[in-house]
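Hi everyone, thanks for having me. Please bring up the sequence and the structure on your screens, and we'll walk through some aromatic rings and strands together.

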Amino acid sequence: MKPAGRRRGFTLVELLVAVALLSLVMLGLLTAMRSFAQTEARIDDRVRSDEDLRVTANFLRTILGTVSPRAKSGAPGSPRQIDFAGRADAMQWIGVMPARHGAGGLYRFRLFLRQATAGESAALVLEFAPYVSGFDAALDPANVRSRVMASDVGEVGFRYQDDLRSGEEWVADWSHTDRLPKRIGLSVLGSGRPWPQIVVSTIPVVGPGTVARGGGLTSGTTIGPF
């Protein structure tokens, strides 16, 4: 009878090797899971950023495209001047605030590039206040509110087009005081997400609940008291 052989167990070196291999596997899994979580977070941030950009651009298209050709108050017999100012870096007008973004109706708007300061970067800012009939100041300081439309902005460019003459070019400053531009363009350049070029055809608000479309009137389409 041969004596039964002793069972052979793991040596200390083998245990250390197994623990090292298991640690490497766990490290790889944790790295992969962390990378997956970071990628998912970046995708979520990108989706939110795209959605915010889409909503903001659509809002600007709406308020830039619907304007009121109201005249400034002046002396009797003086030439009629539209309450509208368009420059290369800013635009000021009377228009319609969509009801879903607050109290609807006519508002005074000012959209401009706010220059960078020591505490904050340059930004595209919208100032607005309810329109007060007969009050020709830019904005009522007591009621003005502001919203940042785009931050980290390097350059803002407005342009205007009047198609009274065939083939008229875009201009950076609107010099006509007796009429509104037929088209308004806005470009925003910055270090963040690229902005789409915004080009809108203006739809003058001509009376209570009516707008001019292509030279005619469409009733019940707009928008607030005139």
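Let's begin with two residues, Trp93 and Phe109: are they buried or exposed? Both Trp93 and Phe109 are buried. Keep in mind as we go that this is a predicted model.

How do we talk about two rings like these? A pair of aromatic rings is described by the distance of the centres and the angle of the planes. For Trp93 and Phe109, the ring centres are 5.2 Å apart and the planes meet at 20°; planes under 30 degrees apart count as stacked, so this pair is stacked. Now find the two residues along the chain. Trp93 belongs to strand 3 (residues 90–97) and Phe109 to strand 4 (residues 105–114), so to speak a link between distant parts of the chain, 16 residues apart. These two also have company: Trp93, Tyr107, Phe109 and Phe128 make up one aromatic cluster.

Which residue of strand 5 stands opposite Phe109? That is Phe128, which we just met in the cluster. Strands 4 and 5 run antiparallel and are joined by eight bridges. Strand 5 (residues 123–130) is mostly covered, with six of its eight residues buried. Turning to strand 6 (residues 145–151), you'll find six bridges joining it to strand 5, again antiparallel. One partnership to look for there is Leu126 with Arg147 in strand 6. While you look at these strands, here is a handy rule: in a regular strand the side chains alternate between the two faces of the sheet.

Back to the rings. How many aromatic pairs does the structure hold? There are four. Another of them is Phe84 with Tyr160: their ring centres lie 6.3 Å apart and their planes are at 90°, so we call this pair edge-to-face. Phe84 sits in the loop between strand 1 (66–67) and strand 2 (85–86), while Tyr160 is in strand 7 (residues 153–161), so the pair ties together parts that are 76 residues apart in sequence. Phe84 and Tyr160 are both buried.

Rings can also have a charged neighbour. Arg110 lies over the face of Phe112, 3.9 Å from the ring centre. In a similar spirit, look at Arg159, which lies over the face of Trp170 at 4.3 Å from the ring centre.

Next, strand 7 and its sheet. In what order do the strands come? This open sheet has three strands in the order 7-8-9, with antiparallel pairing. Strand 7 and strand 9 (198–201) are at the edges with a single partner strand each, so one side of each has no neighbour in the sheet. From one strand to the next, the twist averages 15°. Strand 7 is joined to strand 8 (residues 183–190) by eight bridges, and Phe158 has Leu186 in strand 8 as its bridge partner.

Let's finish on Gln161, also in strand 7. Why does Gln161 count as buried? Buried means under 20% relative accessible area, and Gln161 counts as buried because its relative accessibility is 14%. Its side chain makes a polar contact of 3.0 Å with the side chain of Arg183. Leaving aside neighbours within four places in sequence, the residues in contact with Gln161 include Trp170, Trp174 and Pro181. Thanks for listening, and do keep turning the model around!

Key. Residues numbered from 1 in each chain as written. Predicted model: local features only at pLDDT ≥ 70, side-chain atom pairs only at ≥ 80, totals over all residues. Heavy atoms only, no water. Phe/Tyr/Trp six-rings, centres within 6.5 Å; stacked < 30°, edge-to-face > 60°. Helix = DSSP H or I, 4+ residues; strand = E, 2+ residues; numbered from the N terminus. Buried < 20%, exposed > 50% of the residue type's maximum accessible area, 1.4 Å probe, protein only. Lys NZ or Arg CZ within 6 Å of the ring centre and 35° of its normal. Pairing = 2+ DSSP bridges. Axes fitted to C-alpha atoms, helices over the stretch in contact; angles between N-to-C directions. Polar contact = N/O pair within 3.5 Å; in protein donor to acceptor, adjacent residues only side chain to side chain. Contact = heavy atoms within 4.5 Å.
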